[in-house]
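Subject: The structure for you to look at

Hello,

Here is the structure I said I would pass on to you. Have a look at it first, and then read on for what turned up in it.

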Amino acid sequence: MRSWDIFCNVVDNYGDIGVSWRLARQLAAAHGLRVRLWVDDLASLAKLCPDVVDGRDQQHARGVDVRWWREPFPAVEPADVVVEAFACNPPANYVAAMAARQPKPAWINLEYLSAEDWVRGCHGLPSPHPSLPLVKHFYFPGFVTGTGGLLAERDLVQARDRFQASAQERARFWEELGVPAPGAGELQVSLFCYPHAGIAGLLQAWAGGGSPVRCMVPEGTATAALAEFFGGASLAPGAVLRKESLEIRVFPFLEQDRYDRLLWACDLNLVRGEDSFVRAQWAARPLLWHVYSQQERAHWPKLQAFLGLYCQGMRPELAAPVTAMWQAWNQGEAAGVESAWAGFWAHGPELQAHARRWAEGLAAPGNLANGLAQFCENLLK
Ligand code: TRH
């Protein structure tokens, strides 16, 4: 049985550990691999998986050997395959042990997701170490053939379809969350985004729109905008805030699989970064993406590249309001967001049909964990 070491340095937020945790679980569950996940911030992982206890050097969770990555890094035998998530640089003594090992491990840098064209040209490329007899390979997730594809549990599509088709499963989900099931005709939204002024525009559009909107917000999200809109009301988990046709429900950060189900249960998901963005696409429901902002607007081409793919084959009358809404949301100005909303959601049913078709195409470039496991097997031959 092959052994894998995955290294994850939590830079900020939950995306780095969100992706690493998903990959680790999938490799262990679907491929029967021995997976060690080295993470330098166990508290972040504990948010996604409450079984994990902060401050423990070693523990097992969901089939994964979870290790606290801290200095001095222990002298351990490197695994057959070493994955560094997002160029996080494994510790120097570990890399030296990789160079001394026979046979040498397969070494992968798992990169960030982007729909940009250049990704295909860089996926799988080798990068020899400047001084050690080691070669690292770049592995890029992506939406198109020629990239590494997306992470997805083997039964994801079946589980999602079952959930979405079963009133009973959905009712149980809401009950476990301690939230009443959505009322008839109520638009059910989840909101996970970075702080920005545009949120106020959406709250205004929902409150004044005349038809009921229930918005589920994880604790700690959009706090400034919510506090201002609701006049300093409590935003603790469990809080319910109401204004005209809008109801906000603040929920405690959910365990990762449960959050996935929330996305399946909503009519529209506002997501951000990388992992929730991908999961909202797998949910086969309309989405609105808040891209992780980078210096010199380096994130804008990422947004445009994804929109280009997502809108392919859409009627221009649909592509225009989708593009307008996504751009307004990412520009983050309240007035622009508020005025884009009505035009966007007027196409709700068509957006739903498109989201379903889009989700059906997501498997085309192949499952990331499967492809990565095969890629590494080939390197180890
Ligand atoms: O937290 P993020 O903003 O992460 C970001 C991005 O990945 C960004 O690209 C990266 O550069 C930066 O981190 C460092 O958004 P993301 O990627 O969606 O990660 C959130 C994770 O949290 C995802 O795995 C879903 C999970 N999650 C839960 O498990 N429960 C919850 O209740 C919520 C709201 C999220």
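Strand S10, residues 213-218, is mostly covered, with six of its six residues buried. This is a predicted model, by the way, so please read everything below in that light. In a regular strand, side chains alternate between the two faces of the sheet. Following S10 along, you will find Val-213, Cys-215 and Val-217 pointing one way, while Arg-214, Met-216 and Pro-218 point the other way. Both sets are buried.

What does S10 pair with? One partner is strand S9 (residues 187-191), which pairs with S10 in the parallel sense over four bridges. If you would like a spot to look at there, Val-189 has Cys-215 of S10 as its bridge partner. Strand S12 (residues 246-251) also runs parallel to S10, and six bridges join the two. Here Met-216 stands opposite Arg-249 of S12. Helix H7 (residues 198-208) belongs to this part of the picture too: together with S9 and S10 it makes a right-handed β-α-β unit.

Now to another sheet. Eight strands form an open sheet with mixed pairing, and their order is S3-S4-S2-S1-S5-S6-S8-S7. Its edge strands are S3 (58-61) and S7 (126-128), each of which pairs on one side only. From one strand to the next, the twist averages 25°. At the S7 edge, three bridges join S7 to strand S8 (residues 135-139), and these two run antiparallel. Ser-127 stands opposite Lys-136 of S8.

A helix comes into this sheet as well. Helix H15 (residues 368-380) lies across S1 (3-8), S5, S6 (106-110) and S8, and it runs at about 150° to S6.

Last, one residue I would like to point out to you: Asp-80, in the loop between strand S4 (64-68) and strand S5 (81-85). Is Asp-80 buried or exposed? Its relative accessibility is 14%, so it counts as buried, the cut-off being under 20%. The side chain of Asp-80 makes a polar contact of 2.7 Å with the side chain of Arg-101. Leaving aside neighbours within four places in sequence, Asp-80 is also in contact with Met-1, Arg-2 and Ser-3, with Pro-105 and Ala-106, and with Leu-380.

Happy exploring, and write back whenever you like.

Best wishes

Notes: Residues numbered from 1 in each chain as written. Predicted model: local features only at pLDDT ≥ 70, side-chain atom pairs only at ≥ 80, totals over all residues. Heavy atoms only, no water. Buried < 20%, exposed > 50% of the residue type's maximum accessible area, 1.4 Å probe, protein only. Polar contact = N/O pair within 3.5 Å; in protein donor to acceptor, adjacent residues only side chain to side chain. Contact = heavy atoms within 4.5 Å. Pairing = 2+ DSSP bridges. Right-handed = clockwise from strand over helix to strand, strands pointing away. Axes fitted to C-alpha atoms, helices over the stretch in contact; angles between N-to-C directions.
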